[in-house]
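Please find below a note on the model under review. The points are numbered so that each may be taken up separately.

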Amino acid sequence: MKNAAGRIKVDLSELYDLLESKLMALESLGRTKEKFAEFLEPLVESCLPDTVLRAWERSHSVEDSSPRDSARSRDKLLCFLRNEVQSEEIDD
C-alpha cells in the first residue's frame with residue numbers, strides 16, 4: 001500500500017478492495033483481528049487521500065471520547081471506507 005498524502009492520486013475503491021483482500025488473506029492464515037488491528041488503522045490512514053482522511057478524522061471527533069477498542073475501530077474504518085466508495089460510485 002502506498003502513501004497517498006497528496007502525492008499520488010488514489011482510487012479509493014481499489015484501495016478498499018486491496019485492503020479487504022489482504023484482511024481476508026490474514027484471516028485465512030489464522031491471524032485474528034486482535035493481532036493486527038492495532039497497527040492497521042494508522043497504516044490505512046497513511047494511504048488515504050487528504051480529503052478522505054479529513055472526513056475520517058471528522059467522523060472520529062463526533063464519536064464519544066471513550067477509549068477505542070482496536071478491532072472495533074478497524075471495523076468502523078472499514079465501514080467508513082465502504083461508505084465513501086459507495087458514495088463515489090453514486091456520484092459517477
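1. A residue is called buried here when its relative accessible area is under 20%, exposed when that area is over 50%, and partly exposed in between. By this measure, 30% of the 92 residues of the protein chain count as buried. The model is a predicted one, and the remarks that follow should be read accordingly.

2. Overall architecture. The protein chain has four helices and zero strands, and from the N terminus on its elements run α-α-α-α. Helix α1 spans residues 12–28, α2 spans 33–45, α3 covers residues 50–62 and α4 covers residues 70–91. Among contacts between residues at least 6 apart in sequence, 71% join residues at least 24 apart. The protein chain exposes about 6,200 Å², of which carbon and sulfur atoms supply 51%.

3. The nonpolar core. Which residues of the largest nonpolar core touch the most other members? That core has 19 residues, and Leu-12, Leu-19, Val-44, Leu-48 and Leu-81 are the ones with the most such partners. Two or more residues come to this core from each of α1, α2, α3 and α4.

4. Leu-12 as one member of that core. Leu-12 has its place in helix α1. It counts as buried because its relative accessibility is 2%, which lies under the 20% limit. Leaving out residues up to four places away in sequence, Leu-12 touches Leu-48, Pro-49, Val-52, Leu-81, Glu-84, Val-85 and Glu-88. The C-alpha atoms of Leu-12 and Glu-84 are 7.9 Å apart, although 72 residues separate the two along the chain.

5. Ser-13, the next residue to consider. Ser-13 is also found in helix α1. Apart from neighbours within four places in sequence, Ser-13 is in contact with Val-85 and Glu-88; both of these residues also appear among the partners of Leu-12. Between the C-alpha atoms of Ser-13 and Glu-89 the separation is 8.8 Å, with these positions 76 residues apart along the chain. The side chain of Ser-13 additionally makes a polar contact of 2.8 Å with the side chain of Asp-11.

6. The aromatic pair. The structure holds one aromatic pair. Trp-56 and Phe-80 form this pair, with 5.3 Å from centre to centre and 50 degrees between the planes. Why is the pair classed as tilted? Its angle of 50 degrees is neither under 30 degrees, as stacked rings require, nor over 60, as edge-to-face rings require, and therefore falls in the remaining class. The pair links distant parts of the chain, with Trp-56 in helix α3 and Phe-80 in helix α4, 24 residues apart.

7. Surroundings of the pair. Are the two partners buried or exposed? Trp-56 is buried, at 2% relative accessibility, and Phe-80 is buried as well, with a relative accessible area of 12%. The C-alpha atoms of Phe-80 and Trp-56 are separated by 7.3 Å. Setting aside neighbours within four places in sequence, Phe-80 is in contact with Val-52, Ala-55, Trp-56 and Ser-59. Val-52 is also listed among the residues that Leu-12 touches.

8. Arg-74. This residue lies in helix α4. Is Arg-74 buried or exposed? It counts as buried, because its relative accessibility is 5%. The side chains of Arg-74 and Asp-75 are joined by a polar contact of 3.0 Å.

9. Cysteines. The count of disulfides comes to zero. Cys-47 is buried, with a relative accessible area of 1%, whereas Cys-79, at 33% relative accessibility, counts as partly exposed.

Conventions
Residues are numbered from 1 along each chain as its sequence is written. This is a predicted model: local features need pLDDT of at least 70, side-chain atom pairs count only at pLDDT 80 or more; totals for chains, interfaces and linings use all residues. Side-chain values use heavy atoms; hydrogens and water are left out. Rings of Phe, Tyr and Trp (its six-membered ring) pair if their centres lie within 6.5 Å; planes under 30 degrees apart count as stacked, over 60 as edge-to-face and the rest as tilted. Buried means under 20% relative accessible area, exposed over 50%, partly exposed in between (1.4 Å probe, protein chains only). Contact means heavy atoms within 4.5 Å. A polar contact is a pair of N or O atoms within 3.5 Å; within protein, one must be able to donate a hydrogen and the other to accept it, and residues adjacent in sequence count only if both atoms are side-chain atoms. A nonpolar core is a set of buried Ala, Val, Leu, Ile, Met, Phe, Trp, Tyr and Cys residues joined through side-chain atoms within 4.5 Å. Accessible areas come from the Shrake-Rupley method with a 1.4 Å probe; for residues, only the protein chains shown count as cover. A disulfide is a pair of cysteine sulfur atoms within 2.5 Å.
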